[in-house]
Amino acid sequence: MIFFDRLYLSVFHQVKQYNPKLAARWARFYVSVFQLALCLLFGIFFIKFSKQMKLKTLDDTSLWIVSVGTIGFVFFKNWMSYNGKKRNILMSRNTKGPKPYSAFTLIVFLLALFALSFILSKAV
């Protein structure tokens, strides 16, 4: 089971305790935001790296188009992968798998990614 699947199942089980009807939607949203935060972190890193190497790779318009395309791709990919058959397989494998993450850990993961992105964006 990959890391994003474990995140999905952890959020699913945390939300299912309070609102079972919205558990799948919130879990899919959390995984999508987590993956977009990773993309943001790597994007900022490569932009800073290319500026230090004095490379002219993307102008502002192209960067916005790539960003919107990435957001659309991530949400669509997660919507397709965490609905239906794969979700049923994940749920059946979950009984013997590792323990899900706590709610505190899930929040810290996401905040740490955004904090690292902010720190990296302010670096020279």
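**Second largest pocket: a nonpolar lining.** In these legends Ala, Val, Leu, Ile, Met, Phe, Trp, Tyr, Cys and Pro count as nonpolar, Asp, Glu, Lys and Arg as charged, and the others, Gly among them, as polar. With that sorting, the lining of the second largest pocket has 11 nonpolar residues, one polar residue and no charged ones. This is a predicted model, where local features need pLDDT of at least 70 and side-chain atom pairs count only at pLDDT 80 or more, while totals for chains, interfaces and linings use all residues. Residues are numbered from 1 along each chain as its sequence is written, and side-chain values use heavy atoms, with hydrogens and water left out. The pocket holds about 260 Å³ of space. (A pocket is an open set of points on a 1 Å grid over the protein atoms alone where a 1.4 Å probe fits, with protein on both sides within 12 Å along at least five of seven lines; lining residues have an atom within 4 Å of a point. Volume is the space filled by probe spheres on the points, which are joined across faces, edges and corners.) Look for Val11, Gln14, Val15 and Tyr18, then Trp26, Phe29, Tyr30 and Val33, and finally Ala103, Leu106, Ile107 and Leu110. Helix H1 (3-16), H2 and helix H5 (103-122) each give two or more residues to this lining.

**The whole chain: helices and no strands.** Stepping back for a moment, the protein chain has five helices and zero strands. (Both are DSSP runs numbered from the N terminus: helices are H or I, at least four residues; strands are E, at least two.) Along the sequence this reads as α-α-α-α-α. The C-alpha trace spans about 50 × 25 × 25 Å along its principal axes. Of the 124 residues, 27% count as buried. (Buried is under 20% relative accessible area, exposed over 50%, partly exposed in between, with a 1.4 Å probe and protein chains only.) Take the contacts between residues at least 6 apart in sequence: 80% of them join residues at least 24 apart. (Contact means heavy atoms within 4.5 Å.)

**Largest pocket: between what and what?** Which helices give two or more residues to the lining of the largest pocket? They are helix H2 (23-52) and helix H3 (60-81). H2 gives the largest share, at 10 residues. About 720 Å³ of space lies in this pocket. There are 22 lining residues, and the closest to the centre are Gly43, Ile44, Ile47, Leu63 and Ser67. The lining here is a mix, with 13 nonpolar, five polar and four charged residues.

**Along H2, and a visitor from H5.** H2 has 30 residues and reaches 44 Å from its first C-alpha to its last, close to the 44 Å expected at 1.5 Å a residue. (The expected span is 1.5 Å times one less than the number of residues.) After H2 comes Lys54, with a positive phi near 60°. Now find Ser117 in helix H5. Leaving aside residues up to four places away in sequence, Ser117 touches Ala37, Leu40, Leu41 and Ile44. Ser117 has 2% relative accessibility, so it counts as buried.

**H1 and what covers it.** H1 is 14 residues long, with 20 Å from first to last C-alpha, close to the 20 Å expected at 1.5 Å a residue. Its buried residues are Asp5, Leu7, Tyr8, Leu9, Ser10, Val11 and Phe12. What covers them includes H2, H4 and H5. One of those buried residues, Ser10, sits 4.7 Å from Pro100, C-alpha to C-alpha, although the two are 90 residues apart in sequence. Pro100 itself is in the loop between H4 and H5, and it is partly exposed, with a relative accessible area of 43%.

**Aromatic rings: a stack and a cluster.** The count of aromatic pairs comes to 15. (Rings of Phe, Tyr and Trp, its six-membered ring, pair if their centres lie within 6.5 Å; planes under 30 degrees apart are stacked, over 60 edge-to-face, the rest tilted.) Tyr8 and Tyr82 have ring centres 4.4 Å apart and planes at 10°, so this pair is stacked. The pair links distant parts of the chain, 74 residues apart: Tyr8 is in helix H1, and Tyr82 is in the loop between H3 and helix H4 (85-93). Buried or exposed? Tyr8 counts as buried at 0% relative accessibility, and Tyr82 counts as buried at 2%. Elsewhere, Phe3, Phe4, Tyr30, Phe34, Tyr101 and Phe109 form one aromatic cluster.

**Asn83 in its loop.** Asn83 also belongs to the loop between H3 and H4. It is partly exposed, with a relative accessible area of 28%. Its C-alpha atom is separated by 8.4 Å from that of Ala24, 59 residues away along the chain.
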